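Trainee: Could we go through one residue and the helix around it, step by step?

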Amino acid sequence: MLRNWSEVYSVGIPTIDEQHQGFFAASHRLYEQILDREANQGVAEAIAFMRDYADSHFQTEEAFMRDHEYPALAAHQGLHAAFFARLDALAEDLATFGPSPDLAERALDLTQDWLVDHIADEDVLYALHAKSHAAGVPRD
């Protein structure tokens, strides 16, 4: 099931929320291409977009975490590295086998599942830390 951006996914940090919305929009574009049977054209574009966008977005997130002395920064960076590893596997399959509807479906699953799970389970933690840090609550 394709998920839409909603305030449920907001971490309360406008720049990061806007970037997350960009990921949702990209997954919707890929989904539309799959429905229109243009997945072969869209998968290479989607993988390239995800790589560039994730690189920029992860830098933003990690800088935010450093600025707010997030104690789980290294673990969060590991999650980002794991995303890139999965994305690299898609890119390798694209280079080896060429574009296909199956590869497009896998790219869509990666963006939708990882994005939603990552925001809900992980990004919310650094956002909560930053809010408590700003409020003067003692850190972990």
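What follows is a short exchange on a serine, its helix and a helix packed beside it.

Mentor: This is a predicted model, in which local features need pLDDT of at least 70 and side-chain atom pairs count only at pLDDT 80 or more, while totals for chains, interfaces and linings use all residues. Residues are numbered from 1 along each chain as its sequence is written, and side-chain values use heavy atoms, with hydrogens and water left out.

Trainee: Is Ser27 buried or exposed?

Mentor: Ser27 lies in α1, residues 14-35, where helices are DSSP runs of H or I with at least four residues, numbered from the N terminus. Buried means under 20% relative accessible area, exposed over 50% and partly exposed in between, with a 1.4 Å probe and protein chains only. Because its relative accessible area is 1%, Ser27 counts as buried.

Trainee: Which residues is Ser27 in contact with, leaving aside its neighbours within four places in sequence?

Mentor: Contact means heavy atoms within 4.5 Å. With those neighbours left aside, the partners of Ser27 are Leu2, Leu108, Thr111 and Gln112.

Trainee: How are α1 and α4 oriented to each other?

Mentor: Axes are lines fitted to C-alpha atoms, for helices over the stretch in contact, and angles run from 0 to 180 degrees between N-to-C directions. The axes of α1 and α4 (residues 101-134) come within 9 Å and cross at roughly 160°. Angles under 35 degrees count as roughly parallel, over 145 as roughly antiparallel, 65 to 115 as roughly perpendicular and the rest as oblique, and the two helices, α1 and α4, are therefore roughly antiparallel.
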